[in-house]
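Here's a quick tour of a protein fold, with a look at what sits inside. Have the sequence and the model open as you read.

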Amino acid sequence: MAGRRDPAVAASDQWLDDEGVREPRGSVHAWRMGTNQTLCGIPLHKAGLRRFPHVLWLDARWLADTTDQRLVLCHRCAAATGERTDRRSWTRWRPRP
């Protein structure tokens, strides 16, 4: 992978906040700058996704929890970033001898 920077966001729609800054809305995916696809493999242009290089994936997770705008975060992108916490980690209780 090209760099370990935090991924930015690509989304299907946008809205303007109180300061006039574009923010993502709708279906939200993680995207690394310099590539033409999301982390889950969706091509940006063919899917009609808009790029938001100023919004990091972590910020989109915060926006989904704090704003009234509808943001649907891609579960495959969340898994690709290692951010999924809705499942418990797997551990072996009785390993074979």
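The protein has three helices and four strands, taken as DSSP runs numbered from the N terminus (helices are H or I with at least four residues, strands are E with at least two). Along the sequence, they follow the pattern β-β-α-β-α-β-α. This is a predicted model, where local features need pLDDT of at least 70 and side-chain atom pairs count only at pLDDT 80 or more, while totals for chains, interfaces and linings use all residues. Residues are numbered from 1 along each chain as its sequence is written, and side-chain values use heavy atoms, with hydrogens and water left out.

Of the 97 residues, 28% count as buried, that is, under 20% relative accessible area with a 1.4 Å probe, protein chains only. The largest nonpolar core (buried Ala, Val, Leu, Ile, Met, Phe, Trp, Tyr and Cys residues joined through side-chain atoms within 4.5 Å) has 14 residues. Val 9, Val 28, Phe 52, Trp 57 and Cys 77 have the most contacts inside it. Each element in this table supplies at least two residues of that core:

| Element | Residues |
|---|---|
| β1 | 8-16 |
| β2 | 22-31 |
| β3 | 50-56 |
| α2 | 57-66 |
| α3 | 75-81 |

The largest share, three residues, comes from α2. A second, separate core of five residues includes Ala 8, Ala 10, Trp 31 and Leu 49.

Now for a loop residue: Thr 38 lies between β2 and α1 (44-47). Thr 38 counts as buried because its relative accessibility is 2%. Leaving aside neighbours within four places in sequence, Thr 38 is in contact (heavy atoms within 4.5 Å) with His 29, Ala 30, Trp 31, Leu 44, Leu 49 and Cys 77.

Conventions: Buried < 20%, exposed > 50% of the residue type's maximum accessible area, 1.4 Å probe, protein only.
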